[in-house]
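Here's a quick run of questions and answers to go with the model. Have the sequence and the coordinates open while you read.

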Amino acid sequence: MSSPPDILKAIRSGKLGEVIAALDAGACVELDDGRGDPGLPLAMACFMGHAEIVRELVLRGAKANFPDNRAINAPLSMALRGKRSEVVKVLIELGVEIPPGTDTGLTEQEMMVARWKAQHFSAAQAGAQPEIEEIRLDGGCYG
């Protein structure tokens, strides 16, 4: 079993492979932050700007959406305080709700793309299959 320092050390160093190894060895994705609030690994990754580690932690069960994403320990707040726009994009892609009036530092286009990816990600997580329409043309192939 992996110890809490293993995963935190891997996150601090930004080494995705070591984070995955620690998680595979049983590291907890929702470690307490010392005050009893879970989510230290994700908060740390958000603040430090490790977007792929953020994605991995959320895929492994880390809670990314808080009842109030403006809360000081919310992943979105941590990414905004760290001025990590790539992490903000990843959080939106993973379905984190942006409170009204929040300055994300992203352009309208970046927000639109991240929200589109969020819809795609949600469908993929739910096991939705893409719609495919088959068109048969008698007499050959055209185009």
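## Walking through the helices

M48 sits in helix α3. One thing to keep in mind throughout: this is a predicted model.

Q: Is M48 buried, partly exposed or exposed?
A: Buried would need under 20% relative accessible area, and exposed would need over 50%. M48 has a relative accessible area of 28%, so M48 is partly exposed.

Q: Leaving aside its neighbours within four places in sequence, which residues is M48 in contact with?
A: Here we skip the neighbours within four places in sequence and look for heavy atoms within 4.5 Å. For M48 that gives I11, R12 and R84.

Q: How far apart are the C-alpha atoms of M48 and A79?
A: Along the chain, M48 and A79 are 31 residues apart. In space, the C-alpha atoms of M48 and A79 are separated by 7.7 Å.

Q: How many helices and how many strands does the chain have?
A: Reading from the N terminus, the elements go α-α-α-α-α-α-α. The count is therefore seven helices and zero strands.

Q: Which residues have the most contacts inside the largest nonpolar core?
A: That core has 35 residues. The elements giving two or more residues to this core are α1 (4–13), α2 (16–24), α3 (40–48), α4 (51–59), α5 (75–81), α6 (85–93) and α7 (108–125). The residues with the most contacts inside the core are I7, I11, L42, C46, V54, L57 and L91.

Q: Leaving aside its neighbours within four places in sequence, what is V54 in contact with?
A: V54 is one of the core residues with the most contacts. Setting the sequence neighbours within four places aside, V54 is in contact with L42, A45, C46, V87, V90, L91 and L94.

Q: Are α3 and α4 roughly parallel or roughly antiparallel?
A: The axes of α3 and α4 are 8 Å apart, and the helices pack at an angle of about 160°. Angles over 145 degrees count as roughly antiparallel. So α3 and α4 are roughly antiparallel.

Q: By class, how many residues in the contact of α3 with α4 are nonpolar, polar and charged?
A: The crossing here is left-handed. P41, L42, A45 and C46 come from α3, and I53, V54, L57 and V58 come from α4. By class, that contact has eight nonpolar, no polar and no charged residues.

Q: Are α2 and α4 roughly parallel or roughly antiparallel?
A: The axes of α2 and α4 come within 10 Å and cross at roughly 20°. Angles under 35 degrees count as roughly parallel. That makes α2 and α4 roughly parallel.

Q: How do the residues of the contact of α2 with α4 divide into nonpolar, polar and charged?
A: This crossing is right-handed. L16, V19, I20 and L23 of α2 meet E52, I53, E56 and L57 of α4. The split is six nonpolar, no polar and two charged.

Q: Is the crossing of α4 and α6 left-handed or right-handed?
A: α4 and α6 pack at about 25°, with axes 9 Å apart. They are therefore roughly parallel to each other. As for the hand of the crossing, α4 passes α6 in one that is right-handed.

Q: Which residues make the contact of α4 with α6?
A: The residues of this contact divide into five nonpolar, no polar and three charged. On the α4 side they are A51, V54 and R55, and on the α6 side E86, V87, V90, L91 and E93.

Q: Which residues of α6 are buried?
A: Helix α6 is mostly covered, with seven of its nine residues buried. The buried residues are V87, V88, K89, V90, L91, I92 and E93.

Q: What phi does G95 take?
A: G95 comes just after α6. Its phi is positive, at about 100°.

Q: Is K83 buried or exposed?
A: K83 lies in the loop between α5 and α6. Its phi is near 55°, a positive value in a residue other than glycine. The relative accessible area of K83 is 74%, and over 50% counts as exposed, so K83 is exposed.

Notes
Residues are numbered from 1 along each chain as its sequence is written. This is a predicted model: local features need pLDDT of at least 70, side-chain atom pairs count only at pLDDT 80 or more; totals for chains, interfaces and linings use all residues. Side-chain values use heavy atoms; hydrogens and water are left out. A nonpolar core is a set of buried Ala, Val, Leu, Ile, Met, Phe, Trp, Tyr and Cys residues joined through side-chain atoms within 4.5 Å. Buried means under 20% relative accessible area, exposed over 50%, partly exposed in between (1.4 Å probe, protein chains only). Helices (H or I, at least four residues) and strands (E, at least two) are DSSP runs, numbered from the N terminus. Axes are lines fitted to C-alpha atoms, for helices over the stretch in contact, and angles run from 0 to 180 degrees between N-to-C directions. Angles under 35 degrees count as roughly parallel, over 145 as roughly antiparallel, 65 to 115 as roughly perpendicular and the rest as oblique. A crossing is left-handed if the near helix is turned anticlockwise from the far one by less than a right angle, and right-handed if clockwise. Ala, Val, Leu, Ile, Met, Phe, Trp, Tyr, Cys and Pro count as nonpolar, Asp, Glu, Lys and Arg as charged, and the others, Gly among them, as polar.
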